[in-house]
Amino acid sequence: MNENKQALQVAALRNGTVIDHIPSEKLFTIVRLLGLEHMKNNITIGFNLESKKLGRKGIIKIADKFFCDEEINRISVVAPHVKLNIIRDYEVVEKKEVRMPDDLKGIIKCANPKCITNNEPMATLFHVVDKDNCVVKCHYCEKEQRREEFTITK
């Protein structure tokens, strides 16, 4: 088999978004975070694909879908080094790296059981204190949490 055929583990995309370099163990969390299970678009999910960087990785290809920054930044909570490729006419027209936003709204649950967000029907809001180590602080009760302590709301 020639190298080009071996390299193409997932079918080419005409127009849409490719989310690449996803740690395999985070792939289905990202599917949930982006609500992909509710989309009608053609979606290809590659799981445990070979990767020189990660050993094993996940990839998601979504036809005819272009995410806004707010949607994509949700991914940074669980997989901070994911790469995005915007595809138009089978060509990569833009490459992005996911960046942790300054604020996270309605993405993670506050670990403080007395926090108002755990006792009233309202969205959580966290301010990112340390982007490198993913430390966030609840806007309402001021409890700090690290990535390892997060519970995703979706």
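The following paragraphs lead through a predicted model of one protein chain, from its overall make-up to its two sheets and a group of annotated cysteines.

The protein chain contains three helices and nine strands. Read from the N terminus, its elements follow the order α-β-α-β-β-α-β-β-β-β-β-β. The C-alpha trace spans about 60 × 30 × 25 Å along its principal axes. Of the 154 residues in the chain, 41% are buried. The chain exposes about 9500 Å², and carbon and sulfur atoms supply 46% of that area. Sequence separation can also be read from the contacts: among those between residues at least 6 apart in sequence, 57% join residues at least 24 apart.

The strands can be followed sheet by sheet. One open sheet has five strands in the order E2-E3-E1-E4-E5, and its pairing is antiparallel. Strand E2 (43–51) and strand E5 (91–97) stand at the edges of this sheet; each has a single partner strand, so one side of each is left without a neighbour in the sheet. On average, neighbouring strands here are turned by 20° against each other, direction ignored. Within this sheet, strand E1 (residues 16–23) and strand E3 (residues 55–63) run antiparallel and are joined by six bridges. One position that illustrates this arrangement is Gly16, which stands opposite Ala63 in E3.

The loop that precedes E2 offers an example of an exposed residue. Lys40 lies in the loop between helix H2 (27–33) and E2. With a relative accessible area of 82%, Lys40 is above the 50% limit and therefore counts as exposed. Lys40 and Ile62 are 22 residues apart in sequence, and their C-alpha atoms are 10.0 Å apart in space.

The other sheet to consider is also open, with four strands in the order E6-E7-E8-E9 and antiparallel pairing. Its edges are formed by E6 and strand E9 (144–146); because each has a single partner strand, one side of each is left without a neighbour in the sheet. Neighbouring strands of this sheet are turned by 30° against each other on average, direction ignored. E8 and E9 run antiparallel and are joined by three bridges. Among the residues involved is Val136, whose bridge partner in E9 is Gln145.

The UniProt record, an unreviewed entry, lists residues 104–149 as "domain: Aspartate carbamoyltransferase regulatory subunit C-terminal". Over residues 104–149 the chain is 33% strand and 0% helix, and the end C-alpha atoms are 15 Å apart.

Gln145 deserves a closer look. This residue lies in strand E9. Its relative accessibility is 1%, which is under 20%, so Gln145 counts as buried. A polar atom of the Gln145 side chain lies 2.9 Å from the backbone nitrogen of Ala111. Leaving aside neighbours within four places in sequence, Gln145 is in contact with Lys109, Cys110, Ala111, Phe126, Cys134, Val135, Val136 and Phe150. One of these partners, Cys110, leads to the annotated cysteines.

Which residues does the UniProt annotation "binding site" cover? According to the unreviewed entry, they are Cys110, Cys115, Cys138 and Cys141. Although these residues are spread over 32 residues of sequence, they cluster in space, with a largest C-alpha distance of 8.8 Å.

Two members of this group can be placed against the strands described above. Cys115 is in the loop between strand E6 (103–105) and strand E7 (125–130), whereas Cys138 is in strand E8 (residues 135–138). Are these two cysteines buried or exposed? Cys115 has a relative accessibility of 1% and so counts as buried. Cys138 is buried as well, with a relative accessible area of 2%.

The contacts of these cysteines link the annotated positions to one another. Residues up to four places away in sequence not being counted, Cys115 touches Cys110, Cys138, Tyr140 and Cys141. With that exclusion applied also to Cys138, its contacts are Cys110, Cys115, Leu125, Phe126 and Lys143. Cys110 thus appears among the contacts of Cys115, of Cys138 and of Gln145. Phe126 likewise is in contact with Cys138 and with Gln145.

Note on methods:
Residues are numbered from 1 along each chain as its sequence is written. This is a predicted model: local features need pLDDT of at least 70, side-chain atom pairs count only at pLDDT 80 or more; totals for chains, interfaces and linings use all residues. Side-chain values use heavy atoms; hydrogens and water are left out. UniProt positions are given in the numbering used here, feature names are shortened, and annotations may be inferred rather than shown by experiment. Helices (H or I, at least four residues) and strands (E, at least two) are DSSP runs, numbered from the N terminus. Buried means under 20% relative accessible area, exposed over 50%, partly exposed in between (1.4 Å probe, protein chains only). Contact means heavy atoms within 4.5 Å. Two strands pair if DSSP finds at least two bridges between them. Axes are lines fitted to C-alpha atoms, for helices over the stretch in contact, and angles run from 0 to 180 degrees between N-to-C directions. A polar contact is a pair of N or O atoms within 3.5 Å; within protein, one must be able to donate a hydrogen and the other to accept it, and residues adjacent in sequence count only if both atoms are side-chain atoms. Accessible areas come from the Shrake-Rupley method with a 1.4 Å probe; for residues, only the protein chains shown count as cover.
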